[in-house]
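Please find below a short note on the model under review. The points move from the whole chain to one helix and then to one residue.

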Amino acid sequence: MSPQLTIKLQPGTQAPEFTLQDAEGKETSLANYRGKNVIVYFYPEAATPGCTTEACDFRDSLSSLQGSGYEVLGISPDAPEKLANFTGDFNLTFPLLSDEDHAVALAYGAWGEKLVDGEIVEGLVRSTVVVDPDGNVSLAQYQVKAQGHVAALRESLGV
């Protein structure tokens, strides 16, 4: 398997557009959020310990994030059915989107080599990109840790 090179997004650049299916199979596009700040976070796999911690942190912070003008979208390579189970099992109150071919993760620089259990593998790199109301990247963070990420992000955003 040859690694696919990804370019990390930089603040001030246009965020790549996307349209993905949510947990119910409904299409959701970044364009639907034009005029709003959007936190787009990429996580490796629904219902795994780190991803559950991060998703529940976003869920628990959602009202204050939304109150400060931020929407949240979670993206993973999981199929919509798995996202539906994850949403239901943990009462997640924001859209989770399915990027099964990881094309959006690649476009956002969230796919590439990472260290897992001492081995370098290719896969989804836990990342968060904040998109401003005009569709530009205002913040891009890569290889974030699940534990404490939402709190650190809120601090960075002043929320």
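1. What radius of gyration does the protein chain have, and why does the value agree with a compact globule? The radius, taken over C-alpha atoms, is 14 Å; the globule rule (2.2 Å times the number of residues to the power 0.38) gives a value near 15 Å for 159 residues, so the two agree.

2. This is a predicted model, in which local features need pLDDT of at least 70 and side-chain atom pairs count only at pLDDT 80 or more, while totals for chains, interfaces and linings use all residues. Residues are numbered from 1 along each chain as its sequence is written, and side-chain values use heavy atoms, with hydrogens and water left out.

3. The protein chain has four helices and nine strands, assigned as DSSP runs (helices H or I, at least four residues; strands E, at least two) and numbered from the N terminus. Buried residues (under 20% relative accessible area, 1.4 Å probe, protein chains only) make up 47% of the 159 residues.

4. Helix α1 (residues 49-67) has a kink of about 55°, centred on Ser61; the bend is the angle between axes fitted to the seven residues ending there and the seven starting there. Ser61 is also one of the buried residues of α1, which include Cys51 and Glu54. Just after α1, Gly69 takes a positive phi of about 90°.

5. Arg126 is found in the loop between β7 (119-124) and β8 (127-131). At 14% relative accessibility, Arg126 counts as buried. Beyond its neighbours within four places in sequence, its contacts (heavy atoms within 4.5 Å) include Cys51, Glu54 and Tyr142.

Technical notes:
Buried < 20%, exposed > 50% of the residue type's maximum accessible area, 1.4 Å probe, protein only.
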